[in-house]
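Dear colleague,

Please find below the structure that I am handing over to you. I should be grateful if you would read it alongside the notes that come after it.

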Amino acid sequence: MAIHQITSFNGYYPNQQQNRDKYLKPGVILTSALGVGTALAVIAKKQGFSLSPSAIKKTPVKDWAVFRLYDKKHPDKKTIELEEKEIISLAAASVAGGLTGGAIFDDKKHFKSKLRESVNQILGNVLVPVACVGGASRLYKANKEKILAVMPQLNGTGKFAKNFNKIIKVIPGSVATIVSLGIGILAGNKVSNFINEKMFHKKVERNIKGTDFAPHVDDLGMAVSLMADKSKGASFIQRIVPLFLCVLGIEVGTHRDR
């Protein structure tokens, strides 16, 4: 009689482990999205939007809080404003959702590594970079008139002169945002690695990845806001910020030490 030996893997038999791996990412995507969606609903409520199902049903889809864009023809129509505190709330909700999903759908032995990754995401990809960009934005706005006064301008009313002058005026704010964002991402990465080493007593050298830039779509929104205080482009970017912030929770929930 042949005896077949089945070896367990990570406390689970191979098929069981494969099932856990199969449902991990979809489960974490769901819990991260639920976290962000809940936080966004709270923000919308605080900013005066109704969450009543009957009121939402009567409102055209394009005028729902999550879709409404700024319209210069109707400047009195409010739109959701996502500034620093709202971005931080959405990011925290995404990480909490991802961490919850990771705890539910993954082996508990990976939970500590997910906690470390949550520190990386919140500090390295949100708090430090957003603080840097927000500080640069406020500093620029306080000195905007003085800065623009020294920028070269072409005389004349022709199309070329108008476009040139318009482009020149947005350069200082754009440069300030890009530079402060770069500094924030680099500094945030260093800070999160340091905190992880002190909290979890494990030296972490985590390099910056492409997905680290996903949460900074909100900073692009700040850049557009510097160019034009109110615009359809700026409000569109702010509408898609919550989608990009879901990446934080997904990174946390699916993270495993290698």
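The notes below describe what was found, beginning with the overall fold and ending with individual residues.

Please bear in mind that this is a predicted model.

Overall architecture

The chain contains eight helices and zero strands, so that its elements, read from the N terminus, run α-α-α-α-α-α-α-α. Of the 258 residues in the chain, 41% are buried. Among contacts with a separation of 6 or more, 76% join residues that stand 24 or more positions apart. The chain exposes about 15,400 Å², and 64% of that area is supplied by carbon and sulfur atoms.

Nonpolar core and nonpolar surface

The largest nonpolar core has 22 residues, and those that touch the most other members are Ile 80, Leu 82, Ile 87, Leu 90, Leu 245 and Leu 248. Helices α1 (14-46), α3 (84-105), α4 (111-142) and α8 (232-253) each supply at least two residues of this core. The largest share, six residues, comes from α3. As a general point, nonpolar side chains in soluble globular proteins tend to be buried together.

There is also nonpolar area on the surface. Ile 167, Ile 171, Val 175, Val 179 and Ile 183 make a nonpolar surface patch of about 430 Å². Of these, Ile 183 is placed in helix α6, which covers residues 159-200.

Cysteines

How many disulfides does the structure hold? The number is zero. Regarding exposure, Cys 132 counts as partly exposed because its relative accessibility is 25%. Cys 246, in contrast, counts as buried because its relative accessibility is 13%.

Salt bridges

The count of salt bridges comes to seven. Three of the pairs are described here, together with one network.

The side chains of Lys 77 and Asp 63 form a salt bridge with an N to O distance of 3.9 Å. Both residues lie in the loop between α2 (53-58) and α3, so the pair ties together parts that are 14 residues apart in sequence. Lys 77 is partly exposed, because its relative accessible area is 37%. Asp 63 is buried, because its relative accessible area is 14%, and buried means under 20%. These two residues also belong to a network of salt bridges that links Lys 62, Asp 63, Arg 68 and Lys 77.

A second pair is made by the side chains of Glu 84 and Arg 138, with 2.7 Å from N to O. Which parts of the chain does this pair tie together? Glu 84 lies in helix α3 and Arg 138 in helix α4, so the bridge connects parts that are 54 residues apart in sequence. Glu 84 counts as partly exposed, since its relative accessibility is 25%.

In a third pair, Lys 114 forms a salt bridge with Asp 106, and their closest N and O atoms are 2.9 Å apart. Are the two partners buried or exposed? Lys 114 is buried, and Asp 106 is buried as well.

In general, side chains of opposite charge can pair when their charged atoms come close.

Two residues with partners far along the chain

Ile 122 is placed in helix α4. Its C-alpha atom is separated by 9.9 Å from that of Gly 249, although the two residues are 127 residues apart along the chain. Leaving aside residues up to four places away in sequence, Ile 122 touches Ala 91, Ala 92, Val 95 and Leu 127.

His 255 lies in the segment after α8. The C-alpha atoms of His 255 and Arg 116 are separated by 9.3 Å, with their positions 139 residues apart along the chain. With residues up to four places away in sequence again left out, His 255 touches His 110, Ser 113, Lys 114 and Glu 117. Among these partners is Lys 114, the residue that forms the salt bridge with Asp 106 described above.

With kind regards

Key:
Residues numbered from 1 in each chain as written. Predicted model: local features only at pLDDT ≥ 70, side-chain atom pairs only at ≥ 80, totals over all residues. Heavy atoms only, no water. Patch = residues over 30% accessible without salt bridge, like charges linked within 9 Å, V, L, I, M, F, W, Y side chains within 5 Å. Areas by Shrake-Rupley, 256 points an atom, 1.4 Å probe, with all protein chains shown as cover. Salt bridge = Lys/Arg side-chain N within 4 Å of Asp/Glu carboxyl O. Helix = DSSP H or I, 4+ residues; strand = E, 2+ residues; numbered from the N terminus. Buried < 20%, exposed > 50% of the residue type's maximum accessible area, 1.4 Å probe, protein only. Contact = heavy atoms within 4.5 Å. Disulfide = S-S within 2.5 Å. Core = buried A, V, L, I, M, F, W, Y, C linked by side-chain atoms within 4.5 Å.
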